[in-house]
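Subject: A structure for you to explore

Hi there,

Here is the structure I promised to pass on to you. Have a look around it first, and then read my notes below.

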Amino acid sequence: MKIKKLITAVLCITFIAFIGHASAQVKKKAIVKKKAPVAVAKTTPPPPFATAPEIEDGKALVSKSDCLACHKIDSKLVGPAYLAIAEKYPQDQNTVNMLSQKVISGGSGVWGPVPMAPHPVITLAEANKMVKYILTLNSKNTPVVSKLG
Ligand code: HEC
């Protein structure tokens, strides 16, 4: 009788130990699962300044309009080089709006006394794409553009 009791006791202890171990593993897994979404949210990159289709449209609009009569990509003509404009300004929406207004209304004084002709037929949406194209000519932004393409 004593031996039977002993065996039952040993079996009970083994069983309890096993359950305890298993539940500890379950708890560990639950903790790992909880942390995962936070890590994903942290590594999500910010939205790009300009999308590849916007840049493509902007490039097409610039070559259709009269811009290239006064601007060249890499050297000064009547107006400043587009690369110089891209280096001067940060890539953010406020700058895009400000420069788009200038393309539409024209003006002078930022790069010299020569004025840029106004472009009243260009819409704000079109001017936005043109300016985004110009600002992404900056070599700093080339990786973003090629990632999208
Ligand atoms: C008649 C010549 C001429 C034409 C055409 C022209 N530009 Fe300009 N652009 C200029 C001059 C000159 C400046 C410098 C103005 C200044 O100093 O404020 C300039 C400046 C700019 C700037 C920078 C503005 C600033 O405040 O820094 C942008 C952007 C620009 N042009 C885009 C365009 C686009 C896009 C077109 C075509 C829709 C265009 N330009 C057509 C002459 C021209």
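Let's begin with the chain as a whole. Of its 149 residues, 17% are buried. Please keep in mind that this is a predicted model, and that the values here were computed from it. The chain holds seven helices and zero strands, so to speak an α-α-α-α-α-α-α run when you read the elements from the N terminus on. If you take the contacts between residues at least 6 apart in sequence, 61% of them join residues at least 24 apart.

Next, the core. The largest nonpolar core has 16 residues, and those with the most contacts inside it are A86, V103, M130, V131, Y133 and I134. Which elements give two or more residues to this core? They are helix 2 (52-64), helix 4 (82-88), helix 5 (93-105) and helix 6 (124-135). Helix 6 gives the most, with six residues.

Three of those core residues are good places to zoom in:

- M130: setting aside residues up to four places away in sequence, M130 touches G58, L61, V62 and V103.
- A86: you will find A86 in helix 4. Is A86 buried or exposed? A86 counts as buried because there are 20 C-beta neighbours inside 10 Å, and 20 is enough for a residue to be called buried. Beyond its neighbours within four places in sequence, A86 is in contact with I134, L135, L137 and N138. A86 and T136 are also worth a look, since they are 50 residues apart in sequence and 6.7 Å apart in space, C-alpha to C-alpha.
- I134: this residue lies in helix 6. I134 is buried too, with 25 other C-beta atoms within 10 Å. Not counting residues up to four places away in sequence, I134 touches Y82, I85 and A86. Along the chain, I134 and Y82 are 52 residues apart, while their C-alpha atoms are separated by 5.9 Å.

Now turn the model to see how helix 2 and helix 6 meet. Their axes come within 7 Å and cross at roughly 100°, which means that helix 2 is roughly perpendicular to helix 6. On the helix 2 side, the contact is made by E54, I55, D57, G58, K59, L61 and V62. Helix 6 brings E126, K129, M130, K132 and Y133. What kinds of residues make up this contact of helix 2 with helix 6? They divide into five nonpolar, one polar and six charged.

There is a ligand to look at as well. Of the 29 residues around the ligand, C67, C70, G79, W111 and M116 come nearest. Helix 3 (67-70), helix 5 and helix 6 each supply at least two residues of the shell around the ligand. Sorted by type, the residues of this shell are 19 nonpolar, eight polar and two charged.

Finally, here are two loop residues to compare for yourself.

P80 sits in the loop between helix 3 and helix 4. Why does P80 count as buried? P80 does so because it has 20 C-beta neighbours inside 10 Å. Leaving out residues up to four places away in sequence, P80 touches I85 and W111. From P80 to G112 the distance is 9.3 Å, C-alpha to C-alpha, and the two are 32 residues apart in sequence.

G107 is in the loop between helix 5 and helix 6. With 13 C-beta neighbours inside 10 Å, G107 counts as partly exposed. Setting aside residues up to four places away in sequence, G107 touches K102, P115 and M116. The C-alpha atoms of G107 and A117 are separated by 7.0 Å, and these two residues are 10 apart along the chain.

If you would like a route through the model, start at A86 in helix 4, step across to I134 in helix 6, and then go on to the ligand and its nearest residues, among them W111 and M116.

Enjoy exploring, and write back whenever you like!

Best wishes

Methods
Residues are numbered from 1 along each chain as its sequence is written. This is a predicted model: local features need pLDDT of at least 70, side-chain atom pairs count only at pLDDT 80 or more; totals for chains, interfaces and linings use all residues. A nonpolar core is a set of buried Ala, Val, Leu, Ile, Met, Phe, Trp, Tyr and Cys residues joined through C-beta atoms within 7 Å. A residue is buried if 20 or more other C-beta atoms lie within 10 Å of its own, exposed if 12 or fewer, and partly exposed in between; C-beta atoms are placed from the backbone. Helices (H or I, at least four residues) and strands (E, at least two) are DSSP runs, numbered from the N terminus. Two residues are in contact if their C-beta atoms, placed from the backbone, lie within 7 Å. A residue is near a molecule or strand if its C-beta atom, placed from the backbone, lies within 6 Å of it. Ala, Val, Leu, Ile, Met, Phe, Trp, Tyr, Cys and Pro count as nonpolar, Asp, Glu, Lys and Arg as charged, and the others, Gly among them, as polar. Axes are lines fitted to C-alpha atoms, for helices over the stretch in contact, and angles run from 0 to 180 degrees between N-to-C directions. Angles under 35 degrees count as roughly parallel, over 145 as roughly antiparallel, 65 to 115 as roughly perpendicular and the rest as oblique.
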